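Grab a pencil and work through these exercises with the model open beside you. Try each task before you read its solution.

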Amino acid sequence: MRSDPNHVLAFPGGYTRSVGPVIGRFLSELRDGRLVGVRTAGGRVLVPPAEYDPETGEDVTGEFVEVGPVGTVTTWSWVPRPAKEHPLDRPFAWALIRPDGADTALLHALDLGVFDEGAKPPRSLRTGMRVRPRWRAERTGGIGDIACFLPEVTMINAPTRLEYRLQGGRALDRFLEGIAEGRILGHRCPVCDQVIVPMKGLCPRDGVPTGEEVELPDTGTVTTFAVNNIPDPRAPEVPFVSAYVLLDGAGLTMLTLVAGIPADQVRMGMRVKAAWRPREEWGRTMANIRWFEPLDEPDVPFDEIKDYL
Ligand SMILES: [Zn+2]
């Protein structure tokens, strides 16, 4: 790979010149947080766009196509010791990334969360890995509007949130009180009869206040899960699995980690049990449950969990 990152980042294989309408459009879209390519007469989508089809020399059509922003790494080169002109101050990879919908790849820095100078490339770095841009909050219309690319969290189903922050409130206080005693408490909704855990004092389905307290077992079933390649302080190692677990008797899933099993063996319908930290470490926090571990029980058929996805 080339070693002049500014030029490489700007237009791989390119050269310095004023920006014409095609590149100008690309940069303007970047400023607005979008990646676009341009369609060639032959129907291919070039990213970054060029004014001429590099294969035929013909003018491109002028039709811009939004691509990505998620893309696939087509090749990479590990930089164990970044130089000061590099875009990241820790080990990273230069990667050729083909955004979804594009026929060409663009070169950018890929941050794999490696902080030790001189470290080897992590196992997760490979051709074919899925990545997405980290946009800068302040964008100016340059390729640097993308600070770098990050590994995509690989999902097996529909969009779902990976962040989990409990909102304060009386119901939550009570829930954490239970957790501090090793009990998992929920509320039964007077309308739909489902048990909401952690309770929020309100049924999200019916919007009615809830108050009837129910204690649930610490066993449940994985409904959906995600394999994460980004290190997380709570997780044992990368890749780790975050999952929605439907506790037995609950009407809503809760987000947790699943461990004690290789990431590629976690499955929908898998039975799990909470792995509590030692009692002397308990506090008023969900961290009392380190994660969920597999139970030696048959998987629950998909039909029985499909309404909870
Ligand atoms: Zn309800």
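Keep in mind that you're looking at a predicted model.

**Exercise 1: Get your bearings**

Find out how many helices and strands the protein chain has, and what share of its residues counts as buried.

*Solution.* Start with the elements: there are 4 helices and 17 strands in the protein chain. Next comes burial: the chain has 309 residues, and 43% of them count as buried. Finally, look at the contacts between residues at least 6 apart in sequence: 55% of these join residues at least 24 apart.

**Exercise 2: Lay out a sheet**

Work out the strand order of the open sheet that contains strand 1, and say which strands stand at its edges.

*Solution.* Step one is the order: this sheet of 3 strands reads 2-1-3, with antiparallel pairing. Step two is the edges: strand 2 (45-46) and strand 3 (64-67) each have a single partner strand, so one side of each is left without a neighbour in the sheet. Step three zooms in on a pair: strand 1 (residues 35-39) is joined to strand 2 by 2 bridges, and Val-38 sits opposite Leu-46 of strand 2. To finish, add the helix: helix 2 (residues 21-31) packs on this sheet and touches strand 1 and strand 3. The direction of helix 2 makes about 155° with that of strand 1.

**Exercise 3: Do it again further along**

Now treat the open sheet with strand 10 in the same step-by-step way.

*Solution.* The order here is 11-10-12, and the pairing is antiparallel. Strand 11 (195-196) and strand 12 (212-216) are the edge strands, each pairing on one side only. Between strand 10 (residues 184-188) and strand 11 you'll find 2 bridges; in strand 11, Ile-196 is the bridge partner of His-187. Helix 3 (residues 170-180) packs on this sheet, where it touches strand 10 and strand 12. Its direction makes about 145° with that of strand 10.

**Exercise 4: Follow one glutamate**

Is Glu-29 buried or exposed, and which residue does its side chain reach with a polar contact?

*Solution.* First, place it: Glu-29 lies in helix 2. Then check its accessibility: the value is 10%, and buried means under 20%, so Glu-29 counts as buried. Its side chain makes a polar contact of 2.6 Å with the side chain of Arg-34. Leaving aside residues up to four places away in sequence, Glu-29 touches Arg-34 and Val-36.

**Exercise 5: Sort the cysteines**

Decide whether Cys-192 and Cys-203 are buried or partly exposed, and count the disulfides.

*Solution.* Cys-203 has 1% relative accessibility, so it counts as buried. Cys-192 comes out at 24%, so it counts as partly exposed. As for sulfur pairs within 2.5 Å, the count is 0 disulfides.

**Exercise 6: Find the core**

Which residues touch the most other members of the largest nonpolar core?

*Solution.* A bit of background: in soluble globular proteins, nonpolar side chains tend to be buried together. Here the largest nonpolar core has 34 residues, and Phe-175, Ile-184, Val-222, Leu-247, Val-258 and Phe-292 touch the most other members. Elements giving two or more residues to this core include helix 3, strand 10 and strand 13 (219-228). Now pick Phe-175: its contacts include Ile-184, Leu-185 and Met-286, not counting residues up to four places away in sequence. A second, separate core has 27 residues, among them Val-47, Val-73, Ala-93 and Leu-110.

Terms used: Residues are numbered from 1 along each chain as its sequence is written. This is a predicted model: local features need pLDDT of at least 70, side-chain atom pairs count only at pLDDT 80 or more; totals for chains, interfaces and linings use all residues. Side-chain values use heavy atoms; hydrogens and water are left out. Two strands pair if DSSP finds at least two bridges between them. Contact means heavy atoms within 4.5 Å. Axes are lines fitted to C-alpha atoms, for helices over the stretch in contact, and angles run from 0 to 180 degrees between N-to-C directions. Buried means under 20% relative accessible area, exposed over 50%, partly exposed in between (1.4 Å probe, protein chains only). A polar contact is a pair of N or O atoms within 3.5 Å; within protein, one must be able to donate a hydrogen and the other to accept it, and residues adjacent in sequence count only if both atoms are side-chain atoms. A nonpolar core is a set of buried Ala, Val, Leu, Ile, Met, Phe, Trp, Tyr and Cys residues joined through side-chain atoms within 4.5 Å.
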